[in-house]
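I opened my notebook to walk through this chain, one look-up at a time. Here is what I wrote down, with the structure alongside for you to follow.

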Amino acid sequence: LMTFIIPKLALVYQDFGEELPWMTTLVIKISQGLKFLAVPFFLTLAALSLLFKKHRHRFHAAALGIPLFGTLIQHSILIRLGYLLSLLLRSGVTLLQALEVTSETFQGSTVRNHMRKTRDKVSQGESLAEALRGVSFVNETSLALVLSGEESGKLPESLEEISGIHAHELEAKTKLILKLLEPALILAVGSITGFVVIAMLLPIMSLSGMVK
């Protein structure tokens with residue numbers, strides 16, 4: 001709309017010989033500016049991508065602190081963590097080996113560092129529940145289930161339950177966010193498109209009035 005249709009209409013309006021409405025002028029200027037902003041935009045995206053790869057730990061830690069988005073990441077981590085540990089332990093892998101393998105799957109993130117620290121604490125004699133206490137993305141419910149699993153000798157089952165609980169929570173919150181975003185996005189896109197259409201029709205309506 002802004003890079004193909006508007007420029008063609010702008011050429012037609014140049015022959016009107018009269019001053020265009022401010023809305024039309026604004027839309028045409030934005031359309032013309034997009035041609036010059038395309039290269040800086042993609043260069044900025046490339047720079048941000050390189051910056052993210054270089055400082056992934058900091059970005060990941062900051063993302064966990066975002067009120068709503070951080071909660072979704074937390075659920076996602078616990079789903080993956082619980083499922084992998086449960087699967088490895090059921091396969092006969094020791095807890096230390098399972099923690100090491102799991103930490104490698106979170107390569108380049110804050111979670112990897114936490115899992116390695118947890119493995120070190122477990123190797124020093126602490127229980128998994130004690131080692132996980134204080135880890136930012138592990139909540140009290142998960143800690144309680146881990147403790148219960150260790151005491152009952154059913155740690156793989158408890159870890160699988162943690163994964164299932166957070167999978168349900170993630171699905172519910174994602175559906176809620178989508179329900180809230182859908183009308184907001186429709187309203188935003190409709191408003192912008194409507195503004196552009198009205199802006200480009202105003203000169204035609206003005207010309208029609210002059211002819212009458």
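**Entry 1: S103 and its surroundings**

I started at S103, which sits in helix 5, residues 95-105. I noted straight away that this is a predicted model. Is S103 buried or exposed? Its relative accessibility comes out at 0%, so I filed S103 as buried, the cut-off being under 20%.

Next I asked what the side chain of S103 reaches. I found the backbone oxygen of E100 at 2.6 Å from it. Leaving out residues up to four places away in sequence, I listed R112, M115 and R116 as the residues that S103 touches.

**Entry 2: The buried side of helix 5**

I then looked up which residues of helix 5 are buried, and got A98, L99, T102 and S103. They lie on the same side of helix 5, because the arc they cover around the axis is only 135°. A reminder to myself: an α-helix has 3.6 residues a turn, so residues three or four places apart point the same way. What do these buried residues pack against? I noted helix 4, helix 6 and helix 7 as the partners of the buried residues of helix 5.

**Entry 3: Helix 6**

Helix 6 came next on my list. I counted 14 residues in helix 6, and its first and last C-alpha atoms are 20 Å apart, close to the 20 Å expected at 1.5 Å a residue. Its buried residues are T110, V111, R112, H114, M115, T118 and V122. Two of the names I had already met as contacts of S103, R112 and M115, turn up in this buried set. Just after helix 6, I found G125 with a positive phi of about 110°.

**Entry 4: Helix 4**

I went back along the chain to helix 4, residues 67-90. Helix 4 has 24 residues and spans 35 Å from first C-alpha to last, close to the 34 Å expected at 1.5 Å a residue. After helix 4 comes G92, and I wrote down its positive phi, near 95°.

**Entry 5: The cores**

Which residues of the largest nonpolar core touch the most other members? My answer, out of 26 residues in that core, is L81, L128, L132, F137, V138, V146 and L159. The elements that give two or more residues to this core are helix 4, helix 5, helix 6, helix 7 (128-132), helix 8 (140-152) and helix 9 (155-211). Helix 4 gives the most, with 7 residues.

I picked V146 for a closer look. Not counting residues up to four places away in sequence, V146 touches L128, A129, L132, L155, L159 and I162. I also logged a second, separate core of 11 residues, which includes M2, Y13, M23 and V27.

**Entry 6: K35**

For an exposed position I turned to K35, in helix 2, residues 22-54. With a relative accessible area of 58%, K35 counts as exposed, because the cut-off is over 50%. I checked K35 against T3 as well: they are 32 residues apart along the chain, and their C-alpha atoms are separated by 7.6 Å.

**Entry 7: The whole chain**

I closed with the totals. The chain has 9 helices and 0 strands. Of its 212 residues, 31% count as buried. Among contacts with a separation of 6 or more, 60% join residues 24 or more positions apart. The chain exposes about 13700 Å², and carbon and sulfur atoms supply 67% of that area.

Key:
Residues are numbered from 1 along each chain as its sequence is written. This is a predicted model: local features need pLDDT of at least 70, side-chain atom pairs count only at pLDDT 80 or more; totals for chains, interfaces and linings use all residues. Side-chain values use heavy atoms; hydrogens and water are left out. Helices (H or I, at least four residues) and strands (E, at least two) are DSSP runs, numbered from the N terminus. Buried means under 20% relative accessible area, exposed over 50%, partly exposed in between (1.4 Å probe, protein chains only). A polar contact is a pair of N or O atoms within 3.5 Å; within protein, one must be able to donate a hydrogen and the other to accept it, and residues adjacent in sequence count only if both atoms are side-chain atoms. Contact means heavy atoms within 4.5 Å. The expected span of a helix is 1.5 Å times one less than its number of residues. A nonpolar core is a set of buried Ala, Val, Leu, Ile, Met, Phe, Trp, Tyr and Cys residues joined through side-chain atoms within 4.5 Å. The arc is that of the directions from the helix axis to the C-beta atoms. Accessible areas come from the Shrake-Rupley method with a 1.4 Å probe; for residues, only the protein chains shown count as cover.
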